[in-house]
Amino acid sequence: MYSKELFKGEVILVTGGRTGIGYGIAELFIELGGLVIITSRDKSNLEKSSKNLSNNGECHYRVCDIRKTETIEDLINWIDKKFGKLDVLINNAGGQFPAPAEVMSQKGWAAVINNNLNGTFNMSHSCANKFFIPQSPKGT
Ligand SMILES: NC(=O)c1ccc[n+]([C@@H]2O[C@H](COP(=O)([O-])OP(=O)(O)OC[C@H]3O[C@@H](n4cnc5c(N)ncnc54)[C@H](OP(=O)(O)O)[C@@H]3O)[C@@H](O)[C@H]2O)c1
């Protein structure tokens, strides 16, 4: 349906791309010609996923915890040095656990908010400032 070269020349970052939905998204971008970077906290399984994804195109991996700004900084600098740009950010990393609200602890609530909300903000903020705003035609 789509051209196999739709994302040719584009650099795509999929957080949490070693498993599940993120893996599927990475797979599709690769199928459509994109250069994909997957990230997560688990280096050995990340490497395995990246190796599998590389069977159909170009996939790279980097360990990054979206809750930790220093690991995001490291990832951003690595992308800049290696590829010189970023075209697409897929904020997929995150998670939650099913529990009735009345039994959820403050600690559990804070952990989910920190990962899903703060983590997504951290990634968006860093990628926008380093890549998307400077790369946009008007620098906005
Ligand atoms: N499946 C659903 O029905 C559903 C519904 C609503 C929303 N979602 C959301 O959709 C996303 C993908 O879901 P999924 O079902 O594919 O889940 P999944 O298989 O558990 O994938 C989540 C990925 O995020 C990574 N991750 C989690 N916390 C991270 C952190 N702090 N820093 C970096 N990576 C982190 C995990 O890798 P590591 O553990 O190696 O770090 C994992 O690869 C999640 O954000 C989930 O909350 C899913």
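Two residues are in contact if their C-beta atoms, placed from the backbone, lie within 7 Å. The exercises below concern a predicted model, in which local features need pLDDT of at least 70, side-chain atom pairs count only at pLDDT 80 or more, and totals for chains, interfaces and linings use all residues. Residues are numbered from 1 along each chain as its sequence is written.

**Exercise 1. Determine which elements the buried residues of helix α2 pack against.**

Step 1. Helices (H or I, at least four residues) and strands (E, at least two) are DSSP runs, numbered from the N terminus. Helix α2 covers residues 43-53.

Step 2. A residue is buried if 20 or more other C-beta atoms lie within 10 Å of its own, exposed if 12 or fewer, and partly exposed in between. In α2, the buried residues are Leu46, Ser49, Ser50 and Leu53.

Step 3. Viewed down the axis of α2, these buried residues fall within an arc of 100 degrees (taken from the directions from the helix axis to the C-beta atoms), so they line one face of the helix. The face turned away from the buried side carries the exposed residues Ser44 and Lys51.

Step 4. The buried residues of α2 pack against α1, β2 and β3, the last spanning 59-63.

**Exercise 2. Describe how strand β1 is covered and which strands it pairs with.**

Step 1. Strand β1 comprises residues 11-15, and 5 of its 5 residues are buried. Val11, Leu13 and Thr15 lie on one side, with Ile12 and Val14 on the other, and both faces are covered.

Step 2. Two strands pair if DSSP finds at least two bridges between them. β1 runs parallel to β2 (residues 35-40), and 5 bridges join the two strands. Within this pairing, Val14 stands opposite Ile38 of β2.

Step 3. From β1 the chain passes through helix α1 (residues 20-31) to β2 in a right-handed β-α-β crossover. A crossover is right-handed if, with the strands pointing away from the viewer, the path from the first strand over the helix to the second runs clockwise.

Step 4. β1 also pairs in the parallel sense with β4 (residues 88-90), over 3 bridges. There, Ile12 has Val88 as its bridge partner.

**Exercise 3. Trace the chain from strand β2 to strand β3 and identify their paired residues.**

Step 1. Of the 6 residues of β2, 5 are buried, so this strand is largely enclosed by the rest of the structure.

Step 2. β2 and β3 are parallel partners, paired over 5 bridges. Val36 has Cys59 of β3 as its bridge partner, and Ile38 stands opposite Tyr61 of β3.

Step 3. The route from β2 to β3 leads through α2, and this β-α-β crossover is right-handed.

**Exercise 4. Characterise the residues around the ligand.**

Step 1. A residue is near a molecule if its C-beta atom, placed from the backbone, lies within 6 Å of it. There are 21 residues around the ligand, and Gly16, Gly20, Ser40, Asp42 and Gly94 come nearest.

Step 2. The elements giving two or more residues to this shell are α1 and α4 (106-135). Helix α1 gives the most, with 3 residues.

Step 3. Ala, Val, Leu, Ile, Met, Phe, Trp, Tyr, Cys and Pro count as nonpolar, Asp, Glu, Lys and Arg as charged, and the others, Gly among them, as polar. On this basis the shell divides into 4 nonpolar, 12 polar and 5 charged residues.

**Exercise 5. Locate Asn118 and state which residues it touches.**

Step 1. Asn118 belongs to helix α4. Asn118 counts as partly exposed, with 14 C-beta neighbours inside 10 Å.

Step 2. Leaving aside residues up to four places away in sequence, Asn118 touches Arg67 and Ile113. Asn118 and Arg67 are 51 residues apart along the chain, while their C-alpha atoms are separated by 6.8 Å.
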